[in-house]
Amino acid sequence: MTKRLAATVMVVCLVALAALYSVQLMALNLEFYRSHWVRLGVPHDAGMDLQELSRGGKALMDYFVGNISSPQIETTVYGTPRLLYNELELRHLEDVRTLFAKGFRLQQILLASGLLSGLYLFLSSRLGSLAKPLMVAGFLGIGLLLLLAVPAKADFGSWWTRFHLMAFTNDLWLLDPDTDWLIRIFPEGFFFSAIKKIGFTYMGFCAAYAFLGFLVRHLASNHRH
């Protein structure tokens with residue numbers, strides 16, 4: 001029973017860690033931001049050159065990881081100097097930073113729990129006991145991804161709205177492109193591409209789990225013989 005519990009904990013931790021790290025790798029990738037800003041015509045729509053957009057993106061990343069106290073920057077929009085964000089946008093970004101902080105703390109807990117459960121299985125039943133949790137985590141993760149991907153592909157706007165309703169307890173995320181530059185800098189098309197990148201990265205993690213599980217099982221089988 002204890003081994004089954006440890007295996008279950010390991011599976012849950014692996015699946016959740018794959019999701020969290022996939023989000024982190026996308027959210028803190030300035031080159032992804034830059035390439036999609038150019039592709040979506042954001043410099044024109046936001047009235048900012050790519051250098052200024054990149055400076056704002058770097059400030060956001062530093063803010064989300066806790067390196068600076070505010071993402072606000074002074075910039076030039078359509079040739080006029082101004083602060084980039086208004087008060088509503090700053091309050092929403094504070095909510096986003098809170099989500100990141102919770103995600104970073106959860107990563108630490110999951111990583112410690114996953115390592116401890118894996119170590120327990122290894123010490124109590126040797127290497128072969130890790131094979132099944134790894135394979136289950138891989139295939140379970142891919143299954144969960146498909147469950148989320150189908151509705152997101154069918155109607156991303158509705159899917160994205162449902163995500164915000166679950167993630168936030170207020171309506172600060174309902175921004176107006178006429179007054180709120182955050183939504184001009186990060187239009188829906190940007191997030192559609194971001195979610196796709198997260199999905200592919202997550203699938204890569206899960207495929208690696210499954211492959212590693214098969215490899216461990218093969219090695220353990222050969223060792224017994």
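In this predicted model, helix H4 (residues 50-64) and helix H5 (residues 87-125) have axes that come within 9 Å and cross at roughly 50 degrees. That crossing makes H4 and H5 oblique to each other, because an angle of this kind falls in none of the parallel, antiparallel or perpendicular classes. On the H4 side, the contact is made by Leu 60, Tyr 63 and Phe 64. H5 brings Leu 93, Glu 94, Val 96, Arg 97, Phe 100 and Phe 104 to the contact. Sorted by class, that gives seven nonpolar and two charged residues, with no polar ones at all.

Next comes H1 (residues 2-27), a helix of 26 residues. From first C-alpha to last, H1 reaches 37 Å, close to the 38 Å expected at 1.5 Å a residue. Plenty of H1 is tucked away: the buried residues are Ala 6, Ala 7, Met 10, Val 11, Cys 13, Leu 14, Val 15, Leu 17, Ala 18, Ser 22, Met 26 and Ala 27.

Ala 18, which sits in H1, gets a closer look. Its relative accessibility is 0%, so Ala 18 counts as buried, the cut-off being under 20%. Leaving aside residues up to four places away in sequence, Ala 18 touches Tyr 202, Phe 205 and Tyr 209. There is also a pairing with Gly 138: the two residues are 120 apart along the chain, yet their C-alpha atoms are separated by 9.7 Å.

Helix H7 (residues 156-167) passes a simple length check. Its 12 residues should span 16 Å at 1.5 Å a residue, and the end C-alpha atoms are indeed 16 Å apart, so the two values agree. Within H7, Phe 156, Trp 159, Trp 160 and His 164 are buried. Viewed down the axis of H7, these buried residues fall within an arc of 140 degrees and therefore line one face of the helix. The background is simple: an α-helix has 3.6 residues a turn, so residues three or four places apart point the same way. Over on the other side of H7, Leu 165 and Met 166 are exposed.

One backbone detail rounds things off. Tyr 78 lies in the loop between strand S1 (74-77) and strand S2 (80-83). The phi angle of Tyr 78 is near 50 degrees, a positive value in a residue other than glycine.

Definitions and conventions:
Residues numbered from 1 in each chain as written. Predicted model: local features only at pLDDT ≥ 70, side-chain atom pairs only at ≥ 80, totals over all residues. Heavy atoms only, no water. Axes fitted to C-alpha atoms, helices over the stretch in contact; angles between N-to-C directions. Helix = DSSP H or I, 4+ residues; strand = E, 2+ residues; numbered from the N terminus. Parallel < 35°, antiparallel > 145°, perpendicular 65-115°, else oblique. Contact = heavy atoms within 4.5 Å. Nonpolar A, V, L, I, M, F, W, Y, C, P; charged D, E, K, R; others polar. Expected span 1.5 Å × (residues − 1). Buried < 20%, exposed > 50% of the residue type's maximum accessible area, 1.4 Å probe, protein only. Arc of directions from axis to C-beta.
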